Every structure is written in C-alpha cells, then in structure tokens.
Amino acid sequence: MQEQETPQKKQWHDKYYKLLLLVPAFLLLFSLSYLFIFYSQNGDIMHRDISLTGGTSITLYDNLEKIQIENDLSSKLMDLNIREIYDLITREQKGITIETTSDGEETTEILENYLGYKLTKENSSFEYTSSSLGKSFFNQLLLAIIYAFTFMGIVVFFLFGKQKKIKVLITLLGIISPILFFIFKVLTIQQALIFSFLVLVVNLIIYLKYNVPSLAVIISAFADILMTLALVNILGIEMSSVGIIAFVMLIGYSVDTDILLTNRILKKEGTLNERIFSSFKTGMTMTLTSLVAFLIALIIVSSFSAILTKIFTILVIGLGFDILNTWITNVSLLKWYVKSKNEN
Amino acid sequence: MKIKFTWRIWLLIIFLIFSVISIVNFQGFFENGILIKSVEQNSTSFEQGLRTGQILISVDGKKVKTIEDYTNYIQGKFISEENVKTIIQTNQGEFILYSNKAPQIIVSEIPKTNLKSGLDLAGGTRALVQAKDIKLSADEIGELVDVLSNRLNVYGIEDVSVLPSLDLEGNNRIRVEIAGATPNDLEKLISEQGKFEAKIANETVFIGGERDIASVGRDAQNARIESCGASSEGYSCRFSFSVTLSGEAAKKHAAITDKLEVNSTSEGNYLSEKLDLYVDDKLVDSLLIGESLKGQVTTQISISGSGSGEIEEDAYETAKESMHNLQTILITGSLPYKLEIVKLDAISPTLGKDFVKFILIAGFIALISASLIILFRYRNFKSSLMVILFSSSEIIIILGVACLIGWNLDMASIAGILATIGTGFDDQIVILDESRNRSISSLKQRFKRAFAIIMGAYLTAFVSLLPLIWAGAGLLRGFAITTIIGISVGVFITRPAFSDVVKGIES
C-alpha cells in the first residue's frame, strides 16, 4: 500500500515544496514584526518577572483571597502580581505568591502590617533580587543564548561542511567574543552582545556560501526560538531566569531532528523523497514522544510549580513550532539545495 | 531474542551498581537510632563531645528508634529547673550531661539516601553578596570568603557554605547558603561591616580582630546578662563579657589612661573620660573607667552593653543577640569591605517535601506515556520496555554521580534531568529506526549511522550548554552541569549498551 502512496506524495511534495516555505516565512515575518512592535512599545523583547527586573516575591502558606489582597495592597506595592498555589491531589489552596517590584524590607513590612503576624521561615518563603542584579542576569542570559547559538552553528558546520579552512575560520570567529569578553574582559556586556550577534550573522553568511544544509539547520532553530518567543509574549507569560533554561533546551531538541534529517538526506541511499519520508517517520516519533511527555508534565506541574510550568509551556510551544520548522522549513530548504545541486 | 552480554552492557551494569552504592546510605538501613544534625556551639552538649553526624542510639538506657521516641522522652524529663543527669549513648561512645535544659541538639531520621536537595527544595537561606561600589578581584574575593565564613562560624551558624561566584560579566560575588538561619541573622552578619573601635577621648585604644584581641570570654562565667529593668522603651537588659587584650593594646590602654584625671562621684572614683565603643562608626556604649585602671598595663577588661524591648523577655533576647554580635565582631575583626546583599532568598521547607513527591509523580506519568507512543509506533513490547529500562538507568546513574560529587539537586537540576530523559528518548528512537533501515545491509553499518546522528546531537547540546555554566552567577549551573553529566552518560554508557540489546532483539 505504501508503495502506491509514495509516488503520489512525491508528486505533490515535488510540486509544492517551495510554496510550502511561505507558511513558515509568513509566520517568521509575523513574529519578527510582532517582536519589533512589542519592543517599541515596552522597550524590551519579553515580559520579565522579578528575577530579571529586580523585586520581591513572597509566598505565604495561608488561605488568602487573591482578589482581596489585590484590592488592598495594589496601591502600596508596585506592579503587584498574585498567584495561588494548589495541592496536586486535593486541589485545596495551599498558599499564595505575591510578587512586586518593591524592595524586600518594604514589602515584608507592608505585608506584616496587613496580615497582623510576623513572617517566619515556617509560614513563608521570601525571594529578593536587586534591580541591578536582575538586569545583569538578563543581559548574561541573552549573551549565553547567543553564544549557545554560535557554538551550535559551528558544530553543525563541522558535521556537514567539508572545507577545513572554513571550519577553522568560523571557529576562530566564534570564540573571539567569549575570549575578549570573558578572559581578557575588554568588552562590556553590551559590546559583547552586539559583537557576538555580528559574528553570528557573519557566520551565517559563510554557511550560505559554503554549506547550505548547516544554514538550513540554524534557520530552523532560529525560527523555533523567535516564533516561540512571540507566542510567549502574546500569551503574556513572564520570563524568569530559570525560564530561560527552556530556550536553551529548545535549541537542543530543535537541532536533534534537524541533524537526523540532514544526515539522512545527504547520504545517498534511496530516492530523495524516500529519505525525507523515512526521516519524517523517525523525527515525528521523536518530537511526538517529547511533546506528549511535556504536555502531561505541564498539566501536572501547573498546580504547584510556577517555574516548571513556565519551562514546560515554553517547551510545548517550541516543539509545536519545531514540527513546522523541521518538516517544512528545513525539509524544503534542503530539498531545494539537493535538487539544484543535482541539476548543476 | 538472544542478548549477548557484551562489554558495553557490562559497563552499564557496573556503572549502575556503583551508582546505587553511592546513592543508598546503608547506615539508614542497618543502624538503629537517629542522626544528630547539629549541636549548638558552647552548649553543654557540645562541651561534652556531642558532634554533628553522630548517631544517637539511646538516652538514659532507653533505646531511641524514631524522632518521636526522643522528643517524647526528653520533653517529659526537663520539666523542672533543676540540673539533671542525662546519659546519651551514640555510635561514637557514651556522653554524660548535667544540665537543666534539654540537650541543645537538632536530630533527624537517618536518611536512606545520600541525595542532597538544593536550597530551593529543602528550604534555607541564600544570599548573593557583593562589595559596595567597588569591583573585587578573584583574590580579594577569596580573602573575603575566608573572613565571612569565619564570622558566620564564630557566630555559631551551622551548615553554612560560603563560595565565590564568578559570572559571565566578570563580577566576583559571594554566595552564602545556610540550611537553618533566618534571613535576619544573615542580613545582620553580612550587611554590618563590623568595624569595632574602643576609644578614649577620640583616641583609639583597640579594635576588633586578632591584632588587639587575644580572646573573648563566651562561657557562662565570662559572659552574661546581668540585670533587667524597666526603661523608657519598656524594658532594658544589660550584658557584659570579659575581653583579653594583646600586650600591645594593653600598653596603649595604659599610656592613654595615664594622662587622665580622676573624678570622685558618690558611686565611686572614675577617670575623667569614658571608654567609648563604636561599631561601624556608631557609638554603641560608653563605659566608665575605674580609678584603679589609671596607667595600668592590664590585659583583662570588661565590655558591656544593653538591649531593650517592649517586654522583659524581648529585652533579654535582644541583649543576648547584641552580646553575641559584639563578641563575633571582636573576634573576627572588621570585614575588609562594605558589603551589600543583591539577592536574598529564604525558602520555607514547608512545600519542599510535597514538591519532590509531585515531581516524581509527574516524571513517572510522563515516562509511561512517552513509552506508550513508542509501543504504538513499533508494536514491539520488548523495545518499549527496553526504552523505559534504559531511561531509568540513566536517571540512576545521574543521581549516582550527583551523590558522588556532592551535587545539590535543585529545581534547575531537575529541569536538567528532564532534558536528559528527553534527549535519551530521541536517541533511542534513532537507534531503533536505524537498526531497521533496510537500505543498509549490514547491522553494524546501521548502528554506525545511528551513532553519527547521536554524536552530532550530543556535541551541539554540549556546546550550547557551556555558556550557562557561568551565566547568572551560577544559579543555573545546576541545569547545565546535570544536563552535561546526563547526556554524556547517555552517549558513552547507556546508548552503546542499548544498541547491543537492540542488536539482540533485531537478530
């Protein structure tokens, strides 16, 4: 049965694969413009929580009305944000988390006066981040992601690229910024951010000239991250420092399927479409198992851990976009490349 | 199916055995008794030789098996104010205490595993500290770490770790983590520079630290709360303790007091100037100097101060705390820099226990559902069972390594374990699929191909995790390190063994 299906599939995909690229291209363009507008309105590329802006978060293990506290304290505590915590099994309220950009001592005092009892380590948890530290964390995590991306690109080129000299060149380019910044300390973090971003762009141009498959992998991973970030912003999810971990995990998962695909397509066994289809079967199993596992974990953790909920939400969104970007963006770009190479 | 026990499979088995040995705390299974988690310094228990880590077996000949056994017995025993004899039998010998107070120790069940959970799960206080207004070099931070740990130890805080923390921006900070103390204790000890000066008529006689202070009296004879009484703020209590000056400081004291005149008052004869005590340039107390001390080279002097509160009990506690603080800074001297706390987290242990349980439930259900998909896709029960077995063995090895290197598992590490399991699943699917790839004839070639893909994915993940080790003052290091350990164990130990098992299933 499969053998009859495949030729039809072939024809259909052969005809439309370039056109299919319009879907991710449109989404990417939309995400980029949304992020641009978001930036011009908020002066930032994401909603940040207090671990990245600075502020205080206090969790009280007490049955308190969210709305009541909101009404009573929103005039006293800046940017007040309140969340309830439930028991996983009984669904009983176990506590309430109060986040504000006001500083630690002030918040504790206001809360103690309001509640009429002292906050101790038995009845509450307390977290305070100074605003300078929050900003510094944010910049560092941004830089960590750009470096992660650059290093990942270099490894991908080592896997699929051929030219030794170019391998040396991109590696050198890739490590200049970390060396100048981290070892010799001659760059400020802002300069390092700009510099490493420029290096990333230069490397992408080199990939375009010398090894399109590597470029296709990186574009897919990049599209995953941007689309996820845009949707996270649209949903109004606040990013925490631990939440940023999810984006690094996403780079890893996104590249897994892309490497599988590229590896199989560049080996010449069977027809091009057979190779694509076999990768699709394996890759979809990979992504679906992860997606289902994360989705279930998300449902379970959402009642008791804000941090893990954020991580899983981002991963679920990201893996969803990864299906699109691996099987349309990456496949079509690769197919285009292999076909044009065969014609020459 | 014929599985040959190849050296790869044996390697995995050996790693698993070692991991289990490193995770399980055999003491917890074979020893009867409870663990002494901490002993208050300078208490009777401490003086008699009870120490953290000893296992308490019996009290007054009564066997202690659970914490309830212990607390019930002790609560019943110390009702009156009289001194009583208590015989405590531990695995390191017998200790006899005479006291009117219950032994000042904290006990817990002997843990069954060596796993240590991080502060955000187990509860505790964590502060990120930096020097105010200046950037410190790594050497200066090293010095500061020593001074700060010394101060916390002298103050008597147990279970404290003070570590330098370098981040991506090159900021040198200090991370202080304490299992027990409250944020207030910590804030006081860190935010006070603790510059102690004793002056007479604005001339410094001696300062805190070992140059001028030979020793500070801290036992019941040499340090005490003397008197409490009503005051303008409610109640006020006075404390005093003895200090032994160094020879140098004693000579200075003699030279300065020699110049002073003697004033006669109805309460006695005192010198014309007082001894003023300053902490961080703030006057905390002024003491009258007795006539007999004029011009005397004396090393023994007495320092006093007071504490107040709305009720007498509060005043007593404040006085005790102030005395403790003052003793601490006299011994340790001033911190070399003014410090500020840039991050302070105090996590209550209340939620921690449930948390770990919930995460285990979530992880288990997620693992089962992912394997159901594999069962559905391959219609092969053995393969799906193998996937679960190998993923679980990977978790065991990660935890084993964590115990071995004393890694604290925090929330970020748990995310790391999840990332590892996800990657492990992906890789195993690649191995299963490649092993059935009919376009390559030799099974060996198929596995070679699978490993090319897995190695590629491993290397990309590895390099993209590296920057996270240094970003964010090491708070995300748990994620980066755990994931790196996990994926490395996967690629070099479990995946090769898995492929040998799959070989057996396929052939």
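**Two chains and a shared sheet**

Visitor: What share of chain B's 507 residues counts as buried?
Guide: Keep in mind that this is a predicted model. To count as buried, a residue needs 20 or more other C-beta atoms within 10 Å of its own. Of the 507 residues of chain B, the share that passes is 40%.

Visitor: What radius of gyration does chain B have, set beside a compact globule of 507 residues?
Guide: Along the principal axes, the C-alpha atoms of chain B fill a box of roughly 110 × 60 × 40 Å. A compact globule of 507 residues would come out near 23 Å. For chain B the radius of gyration is 31 Å.

Visitor: How many helices and strands does chain B have, and what percentage of its contacts between residues at least 6 apart join residues at least 24 apart?
Guide: The secondary structure of chain B adds up to 14 helices and 22 strands. Now take the contacts in chain B between residues at least 6 apart in sequence; the portion joining residues at least 24 apart is 72%.

Visitor: Which element gives the most to the side of chain A that touches chain B?
Guide: The contact involves 60 residues of chain A and 57 residues of chain B. On the chain A side, E4 (124-129), H6, H10 (243-266), H11 (272-301) and H12 (306-343) each supply at least two residues. By class, that side has 38 nonpolar, 16 polar and 6 charged residues. With 15 residues, the top contributor is H6(A).

Visitor: Which residue of E21(B) is the bridge partner of Thr129(A)?
Guide: Strands pair in a sheet through backbone hydrogen bonds, either parallel or antiparallel. Here E4(A) and E21(B), residues 339-347, pair in the antiparallel sense over 4 bridges. Across from Thr129(A), the partner in E21(B) is Lys343(B).

Visitor: Which are the edge strands of the open sheet of 8 strands?
Guide: Read the order as E2(A)-E3(A)-E1(A)-E4(A)-E21(B)-E8(B)-E10(B)-E9(B), with antiparallel pairing. The twist averages 20 degrees from one strand to the next. An edge strand pairs on one side only, and the two that do so are E2 (81-86) of chain A and E9 (160-166) of chain B.

Visitor: Which residue in E10(B) is the bridge partner of Ala127(B)?
Guide: This takes us to the chain B part of that sheet. E8(B), residues 124-131, and E10(B), residues 172-178, pair in the antiparallel sense over 5 bridges. The partner of Ala127(B) in E10(B) is Val176(B).

Visitor: At what angle to E1(A) does helix H5 of chain A run?
Guide: H5(A), residues 104-115, lies across E1 (55-60), E3 (93-100) and E4 of chain A together with E21 of chain B. Relative to E1(A), the helix runs at about 35 degrees.

Visitor: How do the residues of the contact of H6(A) with H9(A) divide by class?
Guide: The axes of H6(A) (residues 131-160) and H9(A) (residues 212-234) come within 9 Å and cross at roughly 145 degrees, in a right-handed crossing. Gly153(A), Val156(A), Phe157(A) and Phe160(A) in H6(A) meet Pro213(A), Ser214(A), Val217(A) and Ile218(A) in H9(A). Gly counts as polar in this scheme. The split is 6 nonpolar, 2 polar and no charged.

Visitor: Why does Asp60(B) count as partly exposed?
Guide: Asp60(B) lies in the loop between E2 (55-59) and E3 (62-63) of chain B. Its phi is near 50 degrees, a positive value in a residue other than glycine. Most residues other than glycine have a negative phi. Asp60(B) counts as partly exposed because its number of C-beta neighbours inside 10 Å is 13.

Visitor: Is Asp280(B) buried, exposed or partly exposed?
Guide: Asp280(B) lies in the loop between E18 (275-279) and E19 (282-287) of chain B. Its phi, too, is positive, near 50 degrees. Since 15 other C-beta atoms lie within 10 Å, Asp280(B) is partly exposed.

Visitor: Through how many residues does the hairpin join E4(B) to E5(B)?
Guide: E4(B), residues 84-90, pairs with E2(B) in the antiparallel sense over 3 bridges, with Val59(B) opposite Ile88(B). E4(B) also pairs with E5(B), residues 93-99, in the antiparallel sense over 7 bridges, and there Thr86(B) has Leu97(B) as its bridge partner. The hairpin joins E4(B) to E5(B) through 2 residues.

Note on methods
Residues are numbered from 1 along each chain as its sequence is written. Chains are lettered from A and ligands numbered from 1 in the order in which they are written. This is a predicted model: local features need pLDDT of at least 70, side-chain atom pairs count only at pLDDT 80 or more; totals for chains, interfaces and linings use all residues. Axes are lines fitted to C-alpha atoms, for helices over the stretch in contact, and angles run from 0 to 180 degrees between N-to-C directions. A crossing is left-handed if the near helix is turned anticlockwise from the far one by less than a right angle, and right-handed if clockwise. Two residues are in contact if their C-beta atoms, placed from the backbone, lie within 7 Å. The radius of gyration is taken over C-alpha atoms; the globule rule is 2.2 Å times the number of residues to the power 0.38. A residue is buried if 20 or more other C-beta atoms lie within 10 Å of its own, exposed if 12 or fewer, and partly exposed in between; C-beta atoms are placed from the backbone. Two strands pair if DSSP finds at least two bridges between them.
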